[in-house]
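Let's take a walk through this fold together, starting at the surface and working inwards. Have the sequence and the 3D view open as you read.

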Amino acid sequence: ANPRGVSGTKSSESAFLSTREVELAAVDILGKSVLCEHSGSEIGSVVSAWVYNGELQCVFNIHNSVNGALASEFVRTGRCRELSLGYTMDVRMSKTDHGHRLRFGDKKMKELSLVVKGARHDCNIHAYTSAAHREKK
């Protein structure tokens, strides 16, 4: 769901997640909604999350609904192959000797989205199974 955190930076220096913030996101994202392209109704929820090799990994379910069935088909056919984290952050302008600078504060996970193309590199969906496939077993 998120590539390696931006190492060597403090959270205040980047809109992207720092290494520490990736670890915090693994807890904060649990139970959050899964959306399609950061909009519309909830199509699922995040059921598990962990950090592996510095990257945030997630397991999520997709609801058995009309919108969930459409989203499942987008994943199955490869239309939506990537993930994107939706989060909010505090942003402040601070004055420095060289002008003004943006400072990024706390980041709070809001949702995980299935997307056609994510903003970050390597936020791919690695595995997929459908409810119909699980019921056949």
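The protein chain exposes about 8500 Å², and carbon and sulfur atoms supply 51% of that area (accessible areas come from the Shrake-Rupley method with a 1.4 Å probe; for residues, only the protein chains shown count as cover). Please keep in mind that this is a predicted model, in which local features need pLDDT of at least 70 and side-chain atom pairs count only at pLDDT 80 or more, while totals for chains, interfaces and linings use all residues. Residues are numbered from 1 along each chain as its sequence is written, and side-chain values use heavy atoms, with hydrogens and water left out.

Now for the overall layout. The protein chain has 3 helices and 5 strands (DSSP runs numbered from the N terminus: H or I of at least four residues for helices, E of at least two for strands). From the N terminus on, their order is α-β-β-β-α-β-β-α. Of the 137 residues, 34% count as buried (buried is under 20% relative accessible area, exposed over 50%, partly exposed in between, with a 1.4 Å probe and protein chains only).

Helix α1 (residues 19-28) is a good place to look next. Its buried residues include Glu21, Val22, Ala25 and Ala26. Seen down the axis of α1, the buried residues fall within an arc of 155°, so they line one face of the helix (the arc is that of the directions from the helix axis to the C-beta atoms). On the other side of α1, Arg20 and Val27 are exposed. The buried residues of α1 pack against β2 (39-52), β3 (55-62) and β5 (99-115).

From there, step into the interior. The largest nonpolar core has 22 residues, of which Ala1, Ile29, Leu56, Cys58, Leu85, Leu112 and Leu114 touch the most other members (such a core is a set of buried Ala, Val, Leu, Ile, Met, Phe, Trp, Tyr and Cys residues joined through side-chain atoms within 4.5 Å). α1, β1, β2, β3, α2 (66-76), β4 (82-96) and β5 each supply at least two residues of this core. Leaving aside neighbours within four places in sequence, Cys58 is in contact with Ala1, Ile29, Val46, Ser48, Ala49, Trp50 and Leu112 (contact means heavy atoms within 4.5 Å).

Another cysteine, Cys36, is found in strand β1 (residues 33-36). Cys36 and Val115 are 79 residues apart in sequence, yet 6.3 Å apart in space, C-alpha to C-alpha.
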